[in-house]
Amino acid sequence: MTDKDMFERLGKTLYFLTKEADINVYDRWKEIGLTEKFADFIVTTKNQIEAEKEKSSVLDEIHKKTLSEAFSKIHGSNWKDAFTCEVPEKDFKLYDDACVYHTGAMLQKVSVCDGMVQCYCDGYYHAMDG
């Protein structure tokens, strides 16, 4: 582990320990012997973590919405039961991810013809049962 890696880990650890820190955080860090340069590094790391977390949260919401929209196109009246569907082959992964997200069961390819995939999904009840 390089010094830089060690300081980054220490910075992240200190950030989580002082997550609720107020404006006087520099003074408290100086009291325990940290230099202002290192305190700046910790603050920068904290800001990066918060920005990544916020970006990740937005992307998660977009991803969930995309999966929900895809799933609503393929499931029957009771998505908890097993169902069959037909999806474009190029979008199979999206629909498979949607099934796993909503039911816990993978979308299984039954046959492929002219760019369309006939599929089967065990549904929620079977996925959670076994």
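## Salt bridges, a small sheet and a surface patch

Asp97 and Lys93 join their side chains in a salt bridge, 3.0 Å from N to O (a salt bridge is a side-chain nitrogen of Lys or Arg within 4 Å of a carboxyl oxygen of Asp or Glu). This is a predicted model, where local features need pLDDT of at least 70 and side-chain atom pairs count only at pLDDT 80 or more, while totals for chains, interfaces and linings use all residues. Residues are numbered from 1 along each chain as its sequence is written, and side-chain values use heavy atoms, with hydrogens and water left out.

**The overall layout**

- The protein has five helices and three strands (helices are DSSP runs of H or I with at least four residues, strands are runs of E with at least two, and both are numbered from the N terminus).
- Starting at the N terminus, you meet the elements in the order α-α-α-β-α-β-β-α.
- Of its 130 residues, 24% count as buried (buried is under 20% relative accessible area, exposed is over 50%, and partly exposed is in between, with a 1.4 Å probe and protein chains only).

**The salt bridges**

- Here's the general idea: side chains of opposite charge can pair when their charged atoms come close.
- The count for this model comes to three salt bridges.
- Back to the opening pair: Asp97 and Lys93 both sit in helix 4 (residues 92-103), four residues apart, or about one turn of the helix.
- Asp97 is partly exposed at 25% relative accessibility, while Lys93 is exposed at 58%.
- Lys64 pairs with Glu61, and their closest N and O atoms are 3.8 Å apart.
- Both Lys64 and Glu61 belong to helix 3, three residues apart, again about one turn of the helix.
- Lys64 is partly exposed at 34%, and Glu61 is partly exposed at 49%.
- Lys90 and Asp91 make a salt bridge too, at 3.3 Å from N to O.
- Lys90 is exposed at 73%, whereas Asp91 is partly exposed at 23%.

**The sheet**

- Three strands make an open sheet in the order 1-3-2, with antiparallel pairing (two strands pair if DSSP finds at least two bridges between them).
- Strand 1 (83-88) and strand 2 (107-113) are at the edges with a single partner strand each, so one side of each has no neighbour in the sheet.
- Strand 1 pairs with strand 3 (residues 116-121) over six bridges; Phe83 stands opposite Cys121, and Thr84 has Tyr120 as its bridge partner.
- Strand 2 also pairs with strand 3 over six bridges, and there Cys113 is matched with Met116.
- Strands 2 and 3 form a hairpin with two residues between them, and Asp114 in the turn has a positive phi of about 55°.
- Which side chains of strand 3 are buried? Val117, Cys119 and Cys121 point to one face and are buried, while Met116, Gln118 and Tyr120 point to the other and are not.

**Lys80 and the patch**

- Lys80 is in the loop between helix 3 (36-74) and strand 1, and is partly exposed at 28% relative accessible area.
- Leaving aside neighbours within four places in sequence, Lys80 is in contact with Gly123, Tyr124 and Tyr125 (contact means heavy atoms within 4.5 Å).
- The C-alpha atoms of Lys80 and Gly123 are 5.0 Å apart, although 43 residues separate the two along the chain.
- Tyr125 lies in helix 5 (residues 123-129) and is partly exposed at 46%.
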